[in-house]
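Biologist: I should like a close look at a single part of this model, namely one place where two helices pack. Please begin there and then relate your account to other parts of the chain.

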Amino acid sequence: MAVFVFPGQGAQRKGMGADLFDRFRRVIGAADEILGYSIKELCLENPDQRLNQTQYTQPALFTINALSYYQRLEDQGVRPAYLAGHSLGEYSALLAAGAFDFETGLLLVKKRGELMSKADKGGMAAVFGLREDDILEALQRHGLRRLHIANHNTPSQIVISGAAEEIQRAKPVFDGIAGARYVTLNVSGAFHSPLMAEAREEFAAYIARFDLRNPGIPVVSNVTARPYVDGRASQLLTEQITSSVQWTDSIRYLMGLGETDFKEIGPGNVLTKLVQQIKQEATPLSAPRPAGAGPEAERPSPVAERPSPAAERPSPAAERPSHAAPRAIAPAADVAEGSGVTAGSLGAASFRSDYRLRYACIAGSMRDGISSKELCVRMGKAGFMGFLGTAGMTLPAIESAVSFIERELGAGASYGVDLPSNPALPEVEEEMVDLYLRLGIRNVEASGYIQLTPALVRFRLKGLECGANGAILRKNRVLAKVSRPEIAQAFCSPAPARIVERLLAAGKISAAQAEMARRLPMADDLTVTADCAGSSDHGAAAVLLPTMIRLRDEAVKQHGYAQTIRIGAAGGIGTPEAALAAFVLGADYIVTGSINQCTVEAGTSDAVKDMLQGVHVQDTDYAPASDMFELGAKVQVLKKGVFFAARANKLYELYRHHGALEEIDEKTSTHVQQKYFKRSFQQVWEETRALLREKSPREIERAERDPKHRMALVFKWYLDHAFKLALRGDEGNKVDFQVYCSPALGAFNQWVTGTELESWRNRHADVIALRLMESTAALLAHVAQRYAPAHPYAAMNAA
């Protein structure tokens, strides 16, 4: 069956609709009354060149698109299988799907055009001949940070939008790139960019007056490149104003469903050419067919296929607000097989609400910016949340990354940062908290804690305020990563009184904050880490999750908390089956890790990503953790193609059995220095001492007194050195790469074999997160149907 696509702004031309006005006089009469001017005169005569002014263009195109659709229905009686529209054209698609009548649609478009015409502080330009990654790299390299991707028209035709002066500065940049062509567009504003935020907010208030219906034919959204789901029309139309138009992926999604017959409805053939180009340059996206689509959709639909009765007669077109109860904003996801289970309904609604997310899925932090600022931005824009991996980063680098994230995501953005425990250097943790408080960071992922520290408690309590009726407002949220019950117990309890008293005495918290500390737990959310990359206690999710949930329930009851503590699952989540298992076990949200390290946005080397792309589930091992080397703590790392795990474990065995470097036998000592370190123990110690002189002179004094501690510092140098080799992709030392990795990545690699995600160069953190959640929802719907009515799985979504 056909896919009907509707053009947006740019398709207008003088004389459009000439053969339609007399045929649909009643519709035109309604339009004239709503607009206050003659739509026929505007389109046919273009007085004062108004047809190219946004406030006139948009109502004119919407009307001509609508008339063209009505003509197609009357003349051919063909009902499409799917609908899509480019930017403004999406309103025409929703009209055709029965989401609103003509009058309502024109009122919305009129308001949209008026608001967008006022945004005169920006510009747009089309870039031809370059892919998105090349464009983003050029923008970043030349400091053009106020430019954003506005339209993904085709893989090689992309429109950028942003500050007018930067649009002009970008021209010589792209003119200087071989094969690229840069065309400045004649528009008044930076459409589909964060500069339209004010227009978006005004439009959100306006569209709330109307009660829109659910589309009766699947309409692919510009924002998600997936069909609308029930209850989301108002929100997606609002978000569209500042979001990129995902036209390429919208067509690829439809291609993945086997759709090849695209019919452009409206003036011109702009979209027809774009679709042809996408077919030539891109591969289909694999995705489940939405409910109500496909061959069964050929039967008559309850949605009217003719102009609505309101449009058939001249009407005063009153802008009456709907008297229905406000509809809650539903999450953005496809309905899985008509079951009502969606990607956005998985997990706890309170988690999504508190963090302003569409999905209960976050990307956990990975040290040294492997979970990068770009990853956080991609996740945040798609309705997920990412955590910046700050462990190992300098404070200026953290501040720069946070500024980038907030600039890209806008005010009130959903993102977080790592707050790693540093028992050896507590002053580093204190400095990090100082920075976080100064920057106003709200969400931290507390990782590696074996006991609560003054720095972590200070961050938690400094965000407390007293609200109405004595309620505690928690501005600073803590998601604690835990793998052992005693650590979970500490985070489920109020802050230790001794630490609170010390902070109060030092004037670091207020008396009110000290009082409130007794009434709430240290963590808002506990992320239970099972067999994960990096630090791991070898725990099994099926054992840990139920145990932690019971522990949580007991703590909430014991302390009488006003709000519960949510439980998340991390470790081993690389496939829909693993994610479903976590949700069925009671997880309120899931946290992905290893699979994000093998994405375009991950801040590690291409050499590492090439290695990780070929990982199987059996290709990992355990090695000593640098930060807790002396305690024998382990991290899970890549084994395939490297010697790191074997060498690191050998170093730990030497540490256990010797009191000093000098006690190691000569043969072993020579082998380690030549093969592992490629330098002498003394050279390593000099390098280590130079670093410690800046960070912690006390460590040097201790090492000079204690030969075994000096040996530990020398051995830990190798662990850190191996990590840095991997981070920068030192091909000459690949066998020593330390790469955190869990079997989840091997499972993911197997899952996506044969799809466009098989290559890491096509993997984006938000794309794989959405694919994972959508497939999990579809799997849950299948399982629920298979076992119904004995096992009502859907009840678990009531959280």
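Modeller: In this predicted model, helix α26 (residues 681–695) packs against helix α28 (residues 707–728) at an angle of about 90 degrees, and their axes lie 9 Å apart. An angle between 65 and 115 degrees counts as roughly perpendicular, and α26 and α28 are therefore roughly perpendicular to each other. On the α26 side, the contact is made by F681, Q682, V684, W685, E687, T688 and L692. On the α28 side, R710, L713, V714, F715 and W717 take part.

Another helix pair can be set beside this one. Helix α8 (residues 197–207) and helix α9 (residues 233–240) pack at about 160 degrees, again with axes 9 Å apart. Since angles over 145 degrees count as roughly antiparallel, α8 is roughly antiparallel to α9. Their crossing is right-handed. R200, F203, A204 and I207 of α8 meet S234, L237 and T238 of α9 in this contact.

The loop between β6 and α8 holds A190. With a relative accessibility of 2%, A190 counts as buried, because the limit for that class is under 20%. Although A190 and S161 are 29 residues apart along the chain, their C-alpha atoms are separated by 5.0 Å. S161 is also one of the contacts of A190 beyond its neighbours within four places in sequence; the others are A119, G122, G123, M124, G162, L195 and M196.

Two of these contacts, G122 and S161, lead to the strands. Strand β3 (residues 122–128) has six of its seven residues buried, so β3 is largely enclosed by the rest of the structure. Strand β5 (residues 157–163) pairs with β3 in the antiparallel sense over seven bridges, and A126 stands opposite V159 there. Strand β6 (residues 181–184) also pairs with β3 in the antiparallel sense, over four bridges; in this pairing V127 stands opposite Y182.

A further antiparallel pair is formed by strand β20 (residues 620–624) and β21, which are joined by five bridges. The bridge partner of D621 is V637 in β21. Strand β21 (residues 634–638) is mostly covered, with four of its five residues buried.

Turning to the interior, the largest nonpolar core has 87 residues. Those with the most contacts inside this core are F384, Y436, L456, F491, L526, I590 and M773. Helix α30 (residues 765–787) gives the most to this core, with eight residues. L526 touches F491, and also A480, V482, A488, C492, I565, R566, I567, G568 and Y589, when residues up to four places away in sequence are not counted. A second, separate core of 67 residues includes Y37, F62, I64 and I265.

Finally, E756 lies in the loop between α29 (743–751) and α30. At 13% relative accessibility, E756 counts as buried. E756 and A382 are 374 residues apart in sequence, and their C-alpha atoms are 19 Å apart in space.

Conventions
Residues are numbered from 1 along each chain as its sequence is written. This is a predicted model: local features need pLDDT of at least 70, side-chain atom pairs count only at pLDDT 80 or more; totals for chains, interfaces and linings use all residues. Side-chain values use heavy atoms; hydrogens and water are left out. Buried means under 20% relative accessible area, exposed over 50%, partly exposed in between (1.4 Å probe, protein chains only). Helices (H or I, at least four residues) and strands (E, at least two) are DSSP runs, numbered from the N terminus. Two strands pair if DSSP finds at least two bridges between them. A nonpolar core is a set of buried Ala, Val, Leu, Ile, Met, Phe, Trp, Tyr and Cys residues joined through side-chain atoms within 4.5 Å. Contact means heavy atoms within 4.5 Å. Axes are lines fitted to C-alpha atoms, for helices over the stretch in contact, and angles run from 0 to 180 degrees between N-to-C directions. Angles under 35 degrees count as roughly parallel, over 145 as roughly antiparallel, 65 to 115 as roughly perpendicular and the rest as oblique. A crossing is left-handed if the near helix is turned anticlockwise from the far one by less than a right angle, and right-handed if clockwise.
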